[in-house]
Amino acid sequence: QAGEVRPHMTGRSYFSNECEEGVFDNSRYIELKLLGRKFSYTTNLFGAQCGCNAALYLVSMSRNTRPSTCSDYYCDANSVCGVACTEIDIQESNMYSFLSTLHNASDKSGRGQGFGGGGKYWSGRRDWLSDDYAPGSACIDTEKPFDVEVSFPVGDNGLLLSMDVRISQRSHTGQDCRVSSTRPAYSPEEFTAELKKGMTPAISYWYAPDGMQWMDGPGRDNRGGCQEEHPNRCAESVLFSNFAVEDIGPGYESPPTKASIGRGSADAENPDRWGEPARVTTLPPTPGQPSFRFAGIAKADDARFSCRQGEQLPMPQTTAEWASLNAAIRNNVNLGTLSTMWPKNAVWLGGQWSLTDSQWQREDWTPVGDLLWGDGQPSSVSLQVQEPWLSVDLTGKAHDESSERVAAVFCEFRQDLGLAMRTPELLVDKLFSSRGGSGAGRPRVSASPALLLGAGLGVALLLGFAVRLRAHPRSHHSLLPARLWFQERGSISLAASSEQCILMRHGLQQAAL
């Protein structure tokens, strides 16, 4: 139907400028330029149960010159088809969770926002809760269609500031209810360049046999949307429609993040799980050096979800940075938030053992370098995976630690830092295994719409399509007529449309618009 994309289970779609039977050409994929702009649409997730994932995201497919193992030039940050590229997940979702994530080309886990996810020892994003987003919710009732808007504002330096997501729905009383979140940009130069050049929208609908707890699990705080996974109950299809792009315009402000603090994170008004107030104990920073906030006591995986936007676990690089951290440790000993008694006798560092590279790495994937180790440390050098985390004791010496270790959490902030938290790699290897390079997970199934740019100021962007079906090897090929309107709004007027196409791949079940 006009203006609608309806991916079926294991379907993936790409927005493309033109289609030719049997040909997937990266030069034909749309380059949607969204720097300083808003992208909006409507989605209907009715029937997308726990364990299902309805996704809309941006990838740099048009500039990928390698056909990939999927033979269609597909790429993403998880190298699902063997090629890595920049990825912006606007929506990974079902009726119980909704996550948005920035991934630079080398960051599989990315930096997320929204609601959902968690395992036995960690909790995912809680920018809002199931009271706000769930079937029957008084705000976003996910059994009904709702609107999604993502904005990419630009700072005075010309670089991407953040990814801002707003989800809204009109109630039966005629009032709009909204949840929102903002994610400060990390790797701003990379995301700025990719959004300026243009990225290709893709839509997929899939499930993982081993579950989607990274997206919708209950978490350690038991506040995630799903207690059990039911991928066998996924609806046959979901719906995306009413696509539009417009300029942000002057006076734009990022939305407030509606946040809830779960187990493993705390602030001055919320006691941590050890029954003490989590005091804010920062030191005046030396210019260009970090300041620190005591955020409670936690295990390693919880610690990584304890820091606020613009903060991360400390991992000093220079002598001056180590001196700042050691000064903060001494200050907290004097305040009583640290002591020689367990579990207050150590502070988590923002580093971990990389199984892939066999080295200690910071949260930004760079090598940690030389450490001043404590006596007998690292203690698990023969099998480092048993103690893959790093802490620093009260004397400033490093220790390797197991996942069961409990220690103090310091969150580091400085002006040049930005946000640098990542999901622990060991959890990523386990929880994201269905999205790995083997090609499982996000289906190798795809469809794509296309975009016609009208020339001249005040000319609209409209989209009409013919739909081409790229079949499973045991299926047939066919060409189906369809039409999708994709318009720019604001000061831009409407222009005539032309026939374009949607590239569609599907699995054993037929995908369709």
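Here are a few exercises with worked solutions on this predicted model.

**Exercise 1. Get a feel for the whole chain: work out its make-up, its burial and how its contacts are spread along the sequence.**

Start with the secondary structure: the protein has 5 helices and 28 strands. Next, take burial: 59% of the 513 residues count as buried. Then look at the surface, where about 20,200 Å² is accessible and carbon and sulfur atoms account for 51% of that. Finish with contacts: if you take those between residues at least 6 apart in sequence, 73% join residues at least 24 apart.

**Exercise 2. Decide where to trust the coordinates.**

Begin with the average: the mean pLDDT is 75, and 72% of the residues reach 70 or more. Now go element by element: confidence is highest in strand E5, at 98, and lowest in strand E26 (residues 478-481), at a mean of 26. Then hunt for stretches with poor scores. Over residues 259-287 pLDDT stays under 50, and the model has 66 contacts there beyond four places in sequence. Residues 417-500 also stay under 50, with 300 such contacts in the model.

**Exercise 3. Find the disulfides, using a sulfur-to-sulfur cut-off of 2.5 Å, and work through three of them: what does each one tie together?**

First, the tally: the cut-off gives 5 disulfides.

*Cysteine 50 and cysteine 226.* The S to S distance is 2.0 Å. The torsion about the S-S bond is -85°, a left-handed link. Now place the ends: cysteine 50 sits in the loop between strand E3 (37-44) and strand E4 (52-59), and cysteine 226 in the loop between helix H2 (213-216) and strand E15 (239-247), so the bond ties together parts 176 residues apart in sequence. Both cysteine 50 and cysteine 226 are buried.

*Cysteine 52 and cysteine 234.* Here the sulfur atoms are 1.9 Å apart. The S-S torsion is about -105°, so this disulfide is left-handed. Cysteine 52 belongs to strand E4 and cysteine 234 to the loop between H2 and E15, so the pair ties together parts 182 residues apart in sequence. Cysteine 52 and cysteine 234 are buried.

*Cysteine 70 and cysteine 81.* Their sulfur atoms lie 1.9 Å apart. With a torsion of about -70° around the S-S bond, the disulfide is left-handed. Cysteine 70 and cysteine 81 are both in the loop between E4 and strand E5 (87-94), so the parts they tie together are 11 residues apart in sequence. Check burial: both cysteine 70 and cysteine 81 are buried.

**Exercise 4. Take helix H4 (residues 319-335), test its length, then work out which side faces inward.**

Length first: at 1.5 Å a residue, the 17 residues of H4 should span 24 Å, and the end C-alpha atoms are 24 Å apart, so the two agree.

Now list the buried residues of H4: Glu321, Trp322, Ser324, Leu325, Ala328, Ile329 and Asn332. These cover an arc of only 160° around the axis, which means they are on the same side of H4. On the other side of H4, Thr319, Arg330 and Asn334 are exposed.

So what covers the buried residues of H4? The cover includes strand E16 (291-299), strand E17 (346-354), strand E19 (389-393) and strand E21 (406-413).

Last, look just past the end of H4: glycine 336 takes a positive phi of about 90°.

Conventions
Residues numbered from 1 in each chain as written. Predicted model: local features only at pLDDT ≥ 70, side-chain atom pairs only at ≥ 80, totals over all residues. Heavy atoms only, no water. Helix = DSSP H or I, 4+ residues; strand = E, 2+ residues; numbered from the N terminus. Buried < 20%, exposed > 50% of the residue type's maximum accessible area, 1.4 Å probe, protein only. Contact = heavy atoms within 4.5 Å. Areas by Shrake-Rupley, 256 points an atom, 1.4 Å probe, with all protein chains shown as cover. Disulfide = S-S within 2.5 Å. Expected span 1.5 Å × (residues − 1). Arc of directions from axis to C-beta. pLDDT = per-residue confidence, 0-100.
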